[in-house]
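Here are some comments for your consideration, set out as numbered points. They concern one strand with its neighbours, and then one residue in a helix.

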Amino acid sequence: MNTFAHHPVRSGLTLPQRLFKVVRAALSLRRIVRGLMTTLLVVTNCLFATLSLAQPNDTMTVIATPAQPEAIELGTGPLPGAKHNEAWHSQYGSQFARNVTVATLTPFLPDPANASGAAVIVAPGGGFRTLSMENEGWDVAEALAEQGIAAFVLKYRLNQTPADMVDFARAMDEMFSNTGRRPPRPEPAQMKQQLAPQLEDARAAFALIRRRADDWNIDANRIGMIGFSAGAMLTMATTLVGEDANPAFIANIYGPITSVEVPQDAPPLFVALAADDPFFANSQFGLIESWHAAKKPVEFHFYEQGGHGFGMYPKTTTSTGWFDAYVSWLRMHGMINEVK
């Protein structure tokens, strides 16, 4: 052991110089430790942030009914036998309505300089018990308007649910569980009866837009409909048994795709579905096959991932490309203007 290693004379330093060196080393070590702690804190915060993004908040939280100054009542009357008033909640960072008893239509009109003349009725989903008004309604309509398409969000009347949020959440869990086990297979006759209020709302929406087509700079022959989940089922029902609705084009976004009897005047059909959709991905592709066999225009996007309800949510899956594909499809059919 070298007992003279730090002797002031042998190291060539005076005692004050040695003390200064020790203090400086201690301060340097303190800075290093502080830097490591800061780095650890940043990493920890990033980790928690990543986990929060990876696990979206699915808790239903009661919110005040948002202002909807542009909403137009459709005149289809209040829901027969309704006991509970309309209520709203947030979930997945989005806004939902339930117990809708009076149907409305909210216009999202494009810049007149960019207006194509085409119009789309947007039907949000939610199992006919709630409506995903933001992700599958307003966000879709705003994006369509940016493309020069007049969009109209249909807030259709819903089946009544418990007023209490806890009871409502339990009822929704039960409904989705049953849907996963027994996906709905909509038959025209059943749809006409079971979806009578919703069909009446959809028909009234088409009638209103046609009446005011000139006011809104819309071509009455280019009014279509797009629906999500239950809204897709309503879109198909409107096409198959909606009598005077006569949509010029339709889109079924992660709705039932079982086979149907295709009407002679069937419009072009756009379908988007994810292969990992727990409700409708395993029921074969009868709807697409029916449309194709009837020699009617149909386009089908079957995304590897996306789950159910992806709508306009920003996701890392290719299912987010459905909207651009839909707009390109509309352009291909001459519904909207070519890109200049």
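1. Two strands are taken to pair if DSSP finds at least two bridges between them. The model is a predicted one, and in it strand β10 (residues 250-253) is joined to β11 by four bridges, the two strands running parallel. Within this pairing, A251 is the residue that stands opposite F270 in β11.

2. Strand β12 (residues 298-303) also pairs with β11 in the parallel sense, here over six bridges, and A272 stands opposite H301 in β12. Between these two strands the chain passes from β11 through helix α7 (residues 286-293) to β12, making a β-α-β crossover that is right-handed.

3. Is β11 mostly covered or mostly open? Strand β11, which spans residues 269-274, is mostly covered, since six of its six residues are buried. The side chains divide into two sets, with L269, V271 and L273 pointing one way from the strand and F270, A272 and A274 pointing the other way, and all of them are buried.

4. A separate remark concerns D201, which lies in helix α5 (residues 196-211). D201 has a relative accessible area of 0%, and because buried means under 20%, this residue counts as buried. Which residues does D201 touch, leaving aside those up to four places away in sequence? On that basis the contacts of D201 are with L74, T76, A103, L154, Y156 and R157, so a reader who inspects this aspartate in the predicted model should view D201 together with those residues.

Technical notes:
Residues numbered from 1 in each chain as written. Predicted model: local features only at pLDDT ≥ 70, side-chain atom pairs only at ≥ 80, totals over all residues. Heavy atoms only, no water. Buried < 20%, exposed > 50% of the residue type's maximum accessible area, 1.4 Å probe, protein only. Contact = heavy atoms within 4.5 Å. Right-handed = clockwise from strand over helix to strand, strands pointing away.
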